Amino acid sequence: RALAEVTATAAPPAPATPPPAQAAAETNLTLEAVEVEGGPTVPANWTLVALADPPRQLISNSGAPRPNLRVPAGRYEVQVRAGTARLAERFDTSGAQMTHRVVLNIGTLRPVGALAPGAPPRGGNWTVWADEVPGFRAGEQVLTSGAAEPSMRLTQGSYRIRFQAGEATAETEVFVPAGQAVQARLDLGAGEVTLNALRAGGAVAVQGWEVRRPGQARPVATSGASRARFVLPAGEWLVRVRVENAWHEMPLALAAGQTADVILAVP
């Protein structure tokens with residue numbers, strides 16, 4: 001009887017406590033970009049995507065120099081833009097602290113344009129297209145510049161560059177290596193002419209200028225200035241000026257590298 005009484009009044013055993021769930025591992029992740037391996041950090045624009053199911057964007061177009069955030073362990077894709085350079089790469093996080101460094105492999109192109117070999121540098125318009133460059137399609141325009149002697153920061157690769165001044169253009173191909181500066185000179189094979197219209201030595205009211213190739217009906221270049229300036233490929237040209245609703249013309253021979261002031265006499 002005593003045993004029955006003890007058994008009936010004993011408290012039921014406490015249920016077993018399950019072990020605490022382990023928190024998912026996290027990494028304190030820092031992102032940074034460098035121009036070349038071992039080089040200094042450079043400002044960049046960042047996008048970070050967690051390659052989960054579905055993918056999740058954690059950073060979008062951040063301009064922070066060194067973005068820092070806590071992320072769960074996993075696989076990620078980082079997209080970086082710094083100037084004309086752009087790069088995308090994937091990586092896995094590991095450890096409590098991690099810095100993922102993106103090497104942009106940037107070099108410098110310093111092109112110079114001139115009228116002709118031996119002529120001094122002159123201003124104009126520059127256009128650069130990718131040929132074989134990581135992150136760019138072949139033929140994709142990379143940048144433009146109107147600087148006389150630009151300094152272009154470009155991802156390592158092969159490029160096609162064009163220099164244009166007035167109606168003259170020149171193109172070349174160049175390879176830009178990472179961490180180095182490359183110079184390229186483009187000569188237009190052109191001359192520059194300044195046109196004035198005078199009557200008996202005095203100025204006249206000019207209504208417009210045209211420059212065309214002999215025998216061609218359409219002008220290559222026009223100007224409404226009283227004193228017109230043209231950059232033209234070397235060769236034979238026909239210059240026309242309109243004064244008092246009448247056209248007056250004269251032939252012009254222009255040599256490469258020549259800079260000339262020409263007077264068109266109006267009767």
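N61 is found in strand 3, and that is a good place to start our walk through this predicted model. Look at the backbone here: N61 has a positive phi of about 55°, although the residue is not a glycine. Is N61 buried or exposed? N61 counts as exposed because its relative accessibility is 55%, and the cut-off for exposed is over 50%.

Now let us step back and take in the whole protein. How many helices and strands does the protein have? There is 1 helix, and there are 22 strands. The overall outline is worth a moment too. Taken along the principal axes, the C-alpha atoms fill a box of roughly 145 × 40 × 30 Å. For a compact globule of 267 residues, you would expect a radius of gyration near 18 Å, but this protein has 35 Å.

What about the inside and the outside? Buried residues make up 40% of the 267 residues. The accessible surface comes to about 14,900 Å², and carbon and sulfur atoms account for 50% of that surface. As for charge, the protein carries 24 positive and 23 negative side chains, with the centres of the two sets 4 Å apart. Contacts also tell us how the chain folds back on itself: among those with a separation of 6 or more, 58% join residues that are 24 or more positions apart.

With that picture in mind, we can visit a few residues one by one, beginning with T27. Its place is in strand 1, which covers residues 26-34. T27 counts as buried because its relative accessibility is 3%, and buried means under 20%. Which residues does T27 touch, leaving aside its neighbours within four places in sequence? One group of its contacts is L69, R70 and V71, and another runs through T93, S94, G95, A96, Q97 and M98. G95 deserves a second look, since the side chain of T27 reaches the backbone oxygen of G95 at 2.7 Å.

Next comes Y76, found in strand 5, residues 75-82. Y76 counts as buried because its relative accessibility is 3%. Not counting residues up to four places away in sequence, Y76 touches L48, V49, A50, L51, L58, V71, E89, R90, F91 and T93. Two of these names may look familiar: V71 and T93 are also in contact with T27. The side chain of Y76 reaches the backbone oxygen of P72 at 2.5 Å. For a sense of scale, try finding Y76 and R185 together. They are 109 residues apart along the chain, and their C-alpha atoms are separated by 43 Å.

Our third stop is S145, in strand 10, which spans residues 141-145. Why does S145 count as buried? S145 is buried because its relative accessible area is 19%, and the cut-off is under 20%. Outside the residues up to four places away in sequence, S145 touches G124, N125, W126, P150 and M152. A polar atom of the side chain of S145 lies 3.2 Å from the backbone nitrogen of A147. If you look for P43 as well, you will find that S145 and P43 are 102 residues apart in sequence and 21 Å apart in space, C-alpha to C-alpha.

Finally, let us return to the backbone, where we began. Most residues other than glycine have a negative phi, and most peptide bonds are trans. This background helps when you look at N61 again, with its phi of about 55°. A200 also has a positive phi, near 55°, in a residue other than glycine. Where does A200 lie? A200 sits in the loop between strand 15 (190-199) and strand 16 (202-203). A200 counts as exposed because its relative accessibility is 86%.

The last feature to find concerns a peptide bond. The bond from D53 to P54 is cis, with omega near 5°. The place of P54 is in the loop between strand 2 (45-50) and strand 3 (56-62). Strand 3 is also where N61 is found, so to speak the spot where our walk began.

Terms used. Residues numbered from 1 in each chain as written. Predicted model: local features only at pLDDT ≥ 70, side-chain atom pairs only at ≥ 80, totals over all residues. Heavy atoms only, no water. Helix = DSSP H or I, 4+ residues; strand = E, 2+ residues; numbered from the N terminus. Buried < 20%, exposed > 50% of the residue type's maximum accessible area, 1.4 Å probe, protein only. Polar contact = N/O pair within 3.5 Å; in protein donor to acceptor, adjacent residues only side chain to side chain. Contact = heavy atoms within 4.5 Å. Rg over C-alpha atoms; globule rule 2.2 N^0.38 Å. Areas by Shrake-Rupley, 256 points an atom, 1.4 Å probe, with all protein chains shown as cover. Lys, Arg positive; Asp, Glu negative; His and termini not counted. Charge placed at Lys NZ, Arg CZ, Asp CG, Glu CD.
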